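Reader: Before we turn to any particular feature, could you show me how such a model is to be read, starting with a general idea and then going on to the case at hand?

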Amino acid sequence: MIRTRGSGRAAALLLVAALAAGCATEAPPADPGTTPSASPGAGSTAPSPSGSGEGSDRRLAGKVVVLDPGHQLGNRHHAAEIAEPVDAGGFEKECNTTGTATDDGYPEATFTWQVAVVARHLLEQRGARVVLTRDADSDDEWGPCVDERGRIGNPGEPGPTADVRVSIHADGVLDESATGFHVIRPALRAGWTDDIERPSRRLARALRDALVAEGIGVSSYRGERGIDVRDDLGTLNLSDVPAVMAELGNMRAAGDAELMESDAGRRRYGRAIADAVTAYLGR
């Protein structure tokens, strides 16, 4: 399916994952997969596997979590569309970008999707209702734009109102010494982020701490102790619920890339996101 900004909004209305049912294990899927040969359709996502296990951790029952896996694989085929300006919180930015990739071609869009699937599975196991801002990792789709992504889950928008939003990304700095993650929280901007800036600080610390607990190194090149503050990101400026963006590492640094390309590494990233959301919403 070729997505336009209008059809992206229509598809976004349906991007609500069902509550996990029955007794399922806390283990995330062994391999969330990469790019489907065809889109599974608007509003669908890769299946969340279930099985036997404890299934007793329901700390997030009744909570709604938006996971925003950055970019879309098909953006690379729609340069003109993703270059169109959209509202980013009182100013305009391009709709989206292609994202980056490792030196051997593993795309950021696929990485963020796979991490989101792992995190979603764990969050659903804990009782949360999870909304994804895109419905596949597909070379046939593009978008949604950052303005749509930033508003999904807001009060008054179609679908459930979220309790928290985590945008998932990776960096592409052409410097081998630039390694590690940084979590971006919104700067204080009157009329835009003043309602979420303070709780987003706490969410950023929770995610930073969870990534460190998973043994992921903090950024050597941006932010302070793994946390950065920005006022130019539409996905944060347009959110009316606590929100952060995670740059989980530098895809152009060999060590970070090796971790991102491994199933075990993606489990660690996904688990950190789930644990951070659980810690934040459990307070």
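Author: Let us begin with the salt bridge, which is defined as a side-chain nitrogen of Lys or Arg within 4 Å of a carboxyl oxygen of Asp or Glu. In this structure the side chains of Asp232 and Arg230 meet in such a salt bridge, at 2.9 Å from N to O. The model is a predicted one, in which local features need pLDDT of at least 70 and side-chain atom pairs count only at pLDDT 80 or more, while totals for chains, interfaces and linings use all residues. Residues are numbered from 1 along each chain as its sequence is written, and side-chain values use heavy atoms, with hydrogens and water left out.

Reader: How many salt bridges does the count come to by this rule?

Author: The count comes to 15 salt bridges. Among them is the pair of Arg208 and Asp209, whose closest N and O atoms are 2.6 Å apart, and another is formed by Arg267 with Asp263, where the closest N and O atoms are 3.1 Å apart. Arg267 and Asp263 are 4 residues apart in helix α8, and therefore are separated by about one helical turn; helices (H or I, at least four residues) and strands (E, at least two) are here DSSP runs, numbered from the N terminus. Salt bridges that share partners also join Asp87, Asp147 and Arg151 into one network.

Reader: Is Arg208 buried or exposed?

Author: The terms rest on relative accessible area, with buried meaning under 20%, exposed over 50% and partly exposed in between (1.4 Å probe, protein chains only). Arg208 is buried, with a relative accessible area of 17%, whereas its partner Asp209 counts as partly exposed at 44%. In the pair introduced at the start, Arg230 is buried at 19% and Asp232 is partly exposed at 24%. For the pair in helix α8, Arg267 is partly exposed, with a relative accessible area of 21%, and Asp263 is partly exposed as well, at 26%.

Reader: What do the totals for the chain come to in helices and strands?

Author: The secondary structure of the chain comes to 8 helices and 8 strands, and buried residues make up 54% of its 283 residues. Contact means heavy atoms within 4.5 Å, and among contacts in the chain between residues at least 6 apart in sequence, 83% join residues at least 24 apart.

Reader: Which residues is Gly150 in contact with, leaving aside its neighbours within four places in sequence?

Author: Gly150, which is found in helix α4 (residues 146-151), is in contact with Arg165, Gly234, Thr235, Leu238 and Ser239 once those neighbours are left aside. The C-alpha atoms of Gly150 and Thr235 are separated by 3.8 Å, although the two residues lie 85 residues apart along the chain. At 0% relative accessibility, Gly150 counts as buried.

Reader: Where does Asn237 lie, and what does Asn237 touch?

Author: Asn237 lies in helix α6 (residues 234-237) and is buried, with a relative accessible area of 1%. Not counting residues up to four places away in sequence, Asn237 touches Ala88, Gly89, Phe91, Arg189, Trp192, Thr193, Asp231 and Asp232, and Asp232 is the residue that meets Arg230 in a salt bridge.

Reader: How are two packed helices described?

Author: Two packed helices are described by the angle between their axes and the distance between the axes. Axes are lines fitted to C-alpha atoms, for helices over the stretch in contact, and angles run from 0 to 180 degrees between N-to-C directions. The axes of helix α3 (residues 108-125) and helix α8 (residues 263-281) come within 8 Å and cross at roughly 50 degrees. That makes α3 oblique to α8, since angles under 35 degrees count as roughly parallel, over 145 as roughly antiparallel, 65 to 115 as roughly perpendicular and the rest as oblique.

Reader: Which residues of α3 and α8 make the contact?

Author: On the side of α3 the contact is made by Phe111, Gln114, Val115, Val118, Ala119, Leu122 and Leu123, and on the side of α8 by Arg266, Arg267, Tyr269, Gly270, Arg271, Ile273, Ala274, Val277 and Thr278. These residues divide into 10 nonpolar, 3 polar and 3 charged, where Ala, Val, Leu, Ile, Met, Phe, Trp, Tyr, Cys and Pro count as nonpolar, Asp, Glu, Lys and Arg as charged, and the others, Gly among them, as polar.
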